[in-house]
Amino acid sequence: MRKKLFYFVIPAVFATAVVVSCKKDKPLTSESNDVATTKDGAQYVLDTLNSKIEWKGYKVFKSESTSHFGTIKFESGDLTVKDGKLESGKFVADMNSLTSVDLKDDADQLGKLNGHLKSGDFFEVEKFPTASYEITKVTPAAEGDYNTLLDGNLTIKGITKPLQLKANVSVKEGEISVATEPKDIKREEFGVKFQAPAENGVIKDEVTLQINVKALEKK
């Protein structure tokens with residue numbers, strides 16, 4: 001059972017999300033969207049204590065009973081608000097903070113899972129210590145459960161891919177919050193291709209990421 005738990009891992013940005021780009025290394029691959037936003041407006045700084053990425057990964061079948069879930073903290077981030085609306089932003093995640101929440105009461109298994117996710121089998125956090133999501137376009141949404149459509153570039157392990165997210169954006173005096181929809185990404189597109197032995201079950205390619213951030217206006 002302990003062996004099965006050890007291999008029952010996911011690769012999530014979220015890292016979202018989202019998300020690894022070593023500061024010393026240029027992206028290995030880039031299929032990014034062109035940036036159509038500007039920093040012309042009021043500047044906001046990410047409140048890292050009240051912002052996080054939530055991740056969930058799956059084994060064999062995508063269901064609540066075959067998943068691990070956890071969080072990733074942010075290292076930094078900034079947002080721009082123009083005419084009372086979100087104009088641009090970039091979030092940088094600290095991949096060393098990646099942890100599982102569902103195993104928080106089992107220190108031994110938690111340590112094994114977190115260590116494996118941070119190893120060369122998955123996110124190689126020693127080489128790629130950060131992850132990022134840069135907003136390239138902001139579009140108001142008139143219908144549905146989310147009021148904004150975000151186009152952006154997600155970088156994980158030096159690989160950049162375009163990623164569109166639905167989000168609820170709230171701009172109040174001195175504060176802005178962004179909460180995205182849960183969004184599936186394909187981990188193998190970002191070079192996370194590890195698979196456990198077949199007898200321990202297949203790890204799904206899909207990883208669900210959700211970004212929740214708050215930022216305060218820079219005085």
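How much accessible surface does the chain have, and what percentage of it belongs to carbon and sulfur atoms? In this predicted model, the accessible surface comes to about 10800 Å². Carbon and sulfur atoms account for 49% of that area. The chain holds 219 residues, and 47% of them count as buried.

The secondary structure comprises 2 helices and 12 strands. Read from the N terminus, the elements follow the order α-β-β-β-β-β-β-α-β-β-β-β-β-β.

Strand 9 pairs with strand 8 and with strand 10. Strand 8 spans residues 148-156 and runs antiparallel to strand 9, with 9 bridges between them. Within this pairing, Leu 149 stands opposite Lys 166 of strand 9. The two strands form a hairpin, and 2 residues lie between them. Lys 157 sits in that turn and has a positive phi of about 50°.

Strand 10 covers residues 175-180 and is joined to strand 9 by 6 bridges. This pairing is also antiparallel. Val 171 has Ile 176, in strand 10, as its bridge partner. Strand 9 and strand 10 again form a hairpin with 2 residues between them. Here Gly 174 is the turn residue with a positive phi, at about 80°.

The count of aromatic pairs comes to 1. The partners are Phe 74 and Phe 91. Their ring centres lie 6.0 Å apart, and the planes meet at 65°. The geometry is classed as edge-to-face because the angle is over 60 degrees. Phe 74 belongs to strand 4 (residues 67-82), whereas Phe 91 belongs to strand 5. The two residues are 17 apart, so the pair links distant parts of the chain. Both rings belong to buried residues. Phe 74 has a relative accessible area of 5%, which is under the 20% cut-off, and therefore counts as buried. Phe 91 also counts as buried because its relative accessibility is 2%.

The largest pocket contains about 280 Å³ of space. It is lined by 15 residues. Closest to the pocket centre are Lys 85, Leu 86, Val 138, Pro 140 and Thr 148. Three elements each give two or more residues to the lining: strand 5 (85-94), strand 7 (130-140) and strand 9 (159-172). Strand 7 supplies the largest share, with 4 residues. By residue class, the lining divides into 6 nonpolar, 5 polar and 4 charged residues. Strand 5 thus recurs in this description: it contributes to the pocket lining and carries Phe 91 of the aromatic pair. Strand 9 likewise contributes to the lining and forms hairpins with strand 8 and strand 10.

How values were computed:
Residues numbered from 1 in each chain as written. Predicted model: local features only at pLDDT ≥ 70, side-chain atom pairs only at ≥ 80, totals over all residues. Heavy atoms only, no water. 1 Å grid on protein atoms, 1.4 Å probe; cavity = no way out; pocket = protein on both sides within 12 Å on 5 of 7 lines; lining within 4 Å. Points joined across faces, edges and corners; volume = space filled by probe spheres on them. Nonpolar A, V, L, I, M, F, W, Y, C, P; charged D, E, K, R; others polar. Buried < 20%, exposed > 50% of the residue type's maximum accessible area, 1.4 Å probe, protein only. Areas by Shrake-Rupley, 256 points an atom, 1.4 Å probe, with all protein chains shown as cover. Pairing = 2+ DSSP bridges. Phe/Tyr/Trp six-rings, centres within 6.5 Å; stacked < 30°, edge-to-face > 60°.
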